[in-house]
Amino acid sequence: MTIRDALNAALREEILRDENVFIMGEEVAEYDGAYKVTRGLWKEFGDKRVVDTPITELGFAAVGVGAAMAGLRPVVEFMTWNFSILAADQIINHAAKMYYMSGGQFNIPIVFRGPNGSAYQVSSQHSQALEAMYANFPGLKVVMPSTAADAKGLLKSAIRDNNPVIFLEQETMYGMKSEVPDDEDFTIPLGVADVKREGSDCTIVARSFTVPQALKAAEIIQAEFDVSVEVVDPRTIKPLDIDTIVASVKKTNRLVIAEESHAFASVGAEISHQVMENAFDYLDAPIKRISTAEAPMPYARNLEVAALPSVEKIVAAVKEVCYL
Amino acid sequence: MPKTATRQKEENKTTQNSANGKNETASKTTPSAESDVTENYDVKEAQAEFNKRRKSQIASIKKLDKEFLGEMLYQMILGRRFEQKCAEVYRMGKIGGFCHLYIGQEAIAVGTMTALKEGDYVITSYRDHVQAMIAGITPEAVMAELYGKATGNVKGKGGSMHMFSKEKGFFGGHGIVGGQIGVGTGMAYAQKYKGTDNVTLCFFGEAAVNQGIFHESLNMAQLWKLPCIYICENNKYGMGTSQKRAMSIANIAKKAEGFGMAGEFVDGMDVMAVRDATLRAIERGRKDGSPTLLEIRAYRYMGHSMSDPGKYRTTEEIKKYQERDPIILFQDSLKEAKVFTDKDFEELMTKANEAVEAAVKFADESPFPDESELFTDVYAD
């Protein structure tokens, strides 16, 4: 099953399961979704549960927050997370803080979801990976799946969660296929990392876009150098399962962090800091980070490739920390 | 705004014409013709209008029972006395942070909120103490919150700008100018989704009208027929910037026409006019979910917040607006309607003073929150 279909199945099952769940966003209904994640849902469930909005990100994010305060469980789709910046006031100033500043009276059970990061040559304003920004605010949870099973299991958990969840998909990964359990009650708890590949000599912490790249890099390193690489996917950025990452580093003594966002003040920087705090004595080499170049995303294909993380860059980083 | 008053009157005539059927979109709902209140903000003209509708106002007072009228007046007096006390204890250092007072605008909160029924919702801006008390949060809990005490309305976590009560349908005091307009729209969305005939009252100041969220929200509310009553409390100033220095047109209620929405000008110094306009809006909302924009014109006697030196306006201007004090106007009408006497007013004042003193005593004697509270209520289970 593709990641797209897994997300679609999760939405469908949760709409069926709970009458308070509805999805709203630009082009989610009649058009079947800009990236077809909501394909068929409007035909099946109609206007009440699948709602086309005007192009009004701040406005419909706010409607979601108000509806959540009043007991509904909205799933708000951003056509891409780049547009969520227009809605940041509602996500950050309202959704994230409402439970706290109301003294625990009004929780906000809402999911904000959509594609994050780069696509194919869509240039500066449509290629940003924003997880570090949202992960910075107490009150928000941040989720980034990398497989179809994770996408389905995590989205179902996010919809059932009683807090605002930032659910970051990746446009170039929607068509990627992997096994998904058939069980309609299949969920994956938020805050639990997954070891995507076991290994003993070096750890790569990767998320979303960089997980398939890290797995490919691990194969290359294994074949060329007979070095065993472990790939850890935190899946949830907040809360972060640092224990699984630290356990892996204590085993391998080497760490590469691969991420699609820019490096400065990134989630990778946070992980690096927490590993330093919890496993400093276990590190046999400085931690290496692969991130997107510190420039707005260029349009030209060769420049875009140069800006983004890649299998080659991750292989080079692993070689560096393993002194190969 | 005397210089533009004539032009505004002309514009209002156009509004009334369109309400009579020329404008298809607005014809069913634009209610300007129902109300005698125009967009007059000039004190003398507003008072002349008020005098003209005095008879009908007395008539509507006589339709209400004495107990209800007494409660309306009491809430206005309590709101006034509470806020005056806030200013006093703020200067003593008992209240921290920002503290925005409601003095001069009491008729708006009382006239609108006393028209609600069970299941209706209210959301407002950071100027929220009086709305919170009318919603049913006790003066003790509000004052204790202002003191940052554990017994406060939100356990000392929100302060002046963030009063909430889920139980009473009070969805808070919000600190970002205009943010609550979108949230209120979502609350009305939920009321419609659940198939109720309830409505949401969404309060904001006139300066919030310049924010994008106002326009985004009203568009969706009319498009989807969400039962949200947008209450623009026009107190003339967005912090220290007057409306005429910040807004290209003066008459906010007319902006409703841009959305095909019903809109009314309301004299915010006349609590009965506020009530009547709210009842018309509520009727539209309950019937088919139609939203309304009410521009209720009042005047903020105090600064924007307690830290406002007020250099942008003169004492003469403040005094001029105070000639139409909402409490005095209401008391005069109640006397004329022979519902209450001066003695009744004195009793209500004494009761309000006692309630405020009890609130201060309660806040003073309450403990500060335990430090462990820092990390509670960040995430819900």
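Which residue of β4(B) stands opposite B:Phe204? I opened my notebook with that small puzzle, and I come back to it below once the surroundings are in place. One reminder to myself before anything else: this is a predicted model.

**Entry 1: chain A as a whole**

I started with the overall make-up of chain A. I found 12 helices and 12 strands in its secondary structure. Its radius of gyration is 19 Å, close to the 20 Å that the globule rule gives for 324 residues, so chain A is as compact as a globular protein of that length. I also looked up the box that its C-alpha atoms fill, which is roughly 60 × 45 × 40 Å along the principal axes.

Next I checked burial and contacts. Of the 324 residues in chain A, 57% count as buried. Among contacts in this chain with a separation of 6 or more, 78% come from residues 24 or more positions apart.

**Entry 2: the sheet in chain A**

I then followed the strands of chain A. Seven of them form an open sheet, and I noted the order as β2-β1-β3-β4-β6-β5-β10, with mixed pairing. At the edges I found β2 (50-52) and β10 (236-238) of chain A, each of which pairs on one side only. On average, neighbouring strands of this sheet are turned by 20° against each other, direction ignored.

β4 of chain A caught my eye, so to speak, and I gave it some time. How many of the six residues of β4(A) are buried? I counted six of six, which makes the strand mostly covered.

I looked at the partners of β4(A) one by one:

- On one hand there is β3 (residues 73-77) of chain A, which runs parallel to β4(A) and is joined to it by three bridges. In this pairing, A:Val75 has A:Val111 as its bridge partner.
- On the other hand there is β6 (residues 165-170) of chain A, joined to β4 (residues 111-116) by six bridges, again with the strands running parallel. Here A:Arg113 is partnered with A:Phe167, and A:Gly114 with A:Leu168.

**Entry 3: two domains in chain A**

I moved on to the domain assignment. It gives domain 1 (3-173) and domain 2 (194-321) for chain A. The centres of the two domains, taken over C-alpha atoms, are 27 Å apart.

How many residues of domain 1 of chain A are in contact with domain 2 of chain A? I noted 22 residues from domain 1 and 23 from domain 2. On the domain 1 side, α6 (131-135), β5 (141-143), α7 (148-160) and β6 of chain A each supply at least two residues. By class, that side has 11 nonpolar, eight polar and three charged residues.

**Entry 4: where chain A touches chain B**

I wanted to see how the chains meet. I found 31 residues of chain A in contact with 34 residues of chain B. On the chain A side, the elements that give two or more residues are α3 (57-69), α4 (88-95) and α5 (98-101) of chain A. α3(A) gives the most, with nine residues. I sorted the chain A side by class and wrote down 14 nonpolar, 16 polar and one charged.

**Entry 5: chain B as a whole**

Over to the partner. Chain B has 14 helices and eight strands. I compared its radius of gyration of 20 Å with the value near 21 Å for a compact globule of 381 residues, and the two agree. Along its principal axes, the C-alpha trace of chain B spans about 65 × 50 × 45 Å.

Buried residues make up 54% of the 381 residues in chain B. Of the contacts in chain B between residues at least 6 apart in sequence, 75% join residues at least 24 apart.

**Entry 6: β3 of chain B, and back to the puzzle**

I closed in on strand β3 (residues 200-205) of chain B, which is mostly covered, with six of its six residues buried. Is this cover on one face or on both faces? I found both covered: B:Thr200, B:Cys202 and B:Phe204 are buried on one side, and B:Leu201, B:Phe203 and B:Gly205 on the other.

I listed two partners for this strand. β1 (residues 121-124) of chain B is joined to β3(B) by three bridges and runs parallel to it; B:Tyr121 stands opposite B:Thr200 there. β4 (residues 228-234) of chain B pairs with β3(B) over six bridges, also in the parallel sense.

That brings me back to my opening question: the residue opposite B:Phe204 in β4(B) is B:Cys232.

How values were computed:
Residues numbered from 1 in each chain as written. Chains lettered and ligands numbered in written order. Predicted model: local features only at pLDDT ≥ 70, side-chain atom pairs only at ≥ 80, totals over all residues. Pairing = 2+ DSSP bridges. Helix = DSSP H or I, 4+ residues; strand = E, 2+ residues; numbered from the N terminus. Axes fitted to C-alpha atoms, helices over the stretch in contact; angles between N-to-C directions. Rg over C-alpha atoms; globule rule 2.2 N^0.38 Å. Buried ≥ 20, exposed ≤ 12 C-beta atoms within 10 Å, placed from the backbone. Contact = placed C-beta atoms within 7 Å. Nonpolar A, V, L, I, M, F, W, Y, C, P; charged D, E, K, R; others polar. Domains from an automatic or database assignment.
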